[in-house]
Amino acid sequence: MGRVVAIGEPVRVAGFALAGVHTLPAEEPDAVREAWRNLPDDVELVILTPAAADALGPAPSEATTPLSAVMPP
């Protein structure tokens, strides 16, 4: 199975590390976009905070891989 990654504000993604999720803390929209662009090839699921999803716009929904999910607000 591939890797699971969480991108977004540090306070919102930190807890995922306890479940073995690789976290990519990113506060600013540019940092979120950079994290998305630099995802390793083995990532199968990206969990996004609502702010991270807003920063990415339609990119996650247009991508065939990785699968993405947005946390509830």
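Below are four short exercises with worked solutions on a predicted model.

**Exercise 1. The surroundings of threonine 49**

Place threonine 49 among the secondary-structure elements, decide whether threonine 49 is buried or exposed, and list its contacts beyond the sequence neighbours.

Step 1. Locate the residue. Threonine 49 sits in the loop that links β3 (43–48) to α3 (50–56).

Step 2. Check accessibility. The relative accessible area of threonine 49 is 0%. The cut-off for buried is under 20%. Threonine 49 is therefore buried.

Step 3. Collect the contacts. Neighbours within four places in sequence are set aside. Threonine 49 then touches Ile7, Gly8, Glu9, Arg12, Val13, Val70 and Met71.

**Exercise 2. The nonpolar cores**

Describe the largest nonpolar core, state which elements build it, and find what lies outside it in a second core.

Step 1. Count and rank. The largest nonpolar core has 14 residues. Ile7, Val32, Trp36, Leu39, Val46 and Leu48 have the most contacts inside it.

Step 2. Assign elements. β1 (3–8), α2 (29–37), β3 and α3 each give two or more residues to this core. The top contributor is α3, with four residues.

Step 3. Look for another core. A second, separate core has six residues, among them Val4, Ala6, Val21 and Ile47.

Step 4. Set this in context. Nonpolar side chains tend to be buried together in soluble globular proteins.

**Exercise 3. The contacts of valine 46**

Which residues does valine 46 contact, leaving aside neighbours within four places in sequence?

Step 1. Apply the filter. The remaining partners of valine 46 are Val5, Ile7, Trp36, Leu39, Pro66, Leu67, Ser68 and Ala69.

Step 2. Cross-check with the core. Ile7, Trp36 and Leu39 are among the residues with the most contacts inside the largest core, and so is Val46.

**Exercise 4. The salt bridges**

How many salt bridges does the structure hold, and which parts does each one join?

Step 1. Count. There are two salt bridges.

Step 2. Take the first pair. Aspartate 42 bridges to arginine 3, with the closest N and O atoms 3.2 Å apart. Aspartate 42 lies in the loop between α2 and β3, and arginine 3 in strand β1, so this bridge ties together parts 39 residues apart in sequence. Aspartate 42 is partly exposed at 39% relative accessible area. Arginine 3 is also partly exposed, at 30%.

Step 3. Take the second pair. Arginine 33 meets aspartate 30 at 2.6 Å, N to O. Both lie in helix α2, three residues apart, or about one turn of the helix. Arginine 33 is partly exposed at 31%. Aspartate 30 has a relative accessible area of 55% and is exposed.

Conventions
Residues numbered from 1 in each chain as written. Predicted model: local features only at pLDDT ≥ 70, side-chain atom pairs only at ≥ 80, totals over all residues. Heavy atoms only, no water. Buried < 20%, exposed > 50% of the residue type's maximum accessible area, 1.4 Å probe, protein only. Contact = heavy atoms within 4.5 Å. Core = buried A, V, L, I, M, F, W, Y, C linked by side-chain atoms within 4.5 Å. Salt bridge = Lys/Arg side-chain N within 4 Å of Asp/Glu carboxyl O.
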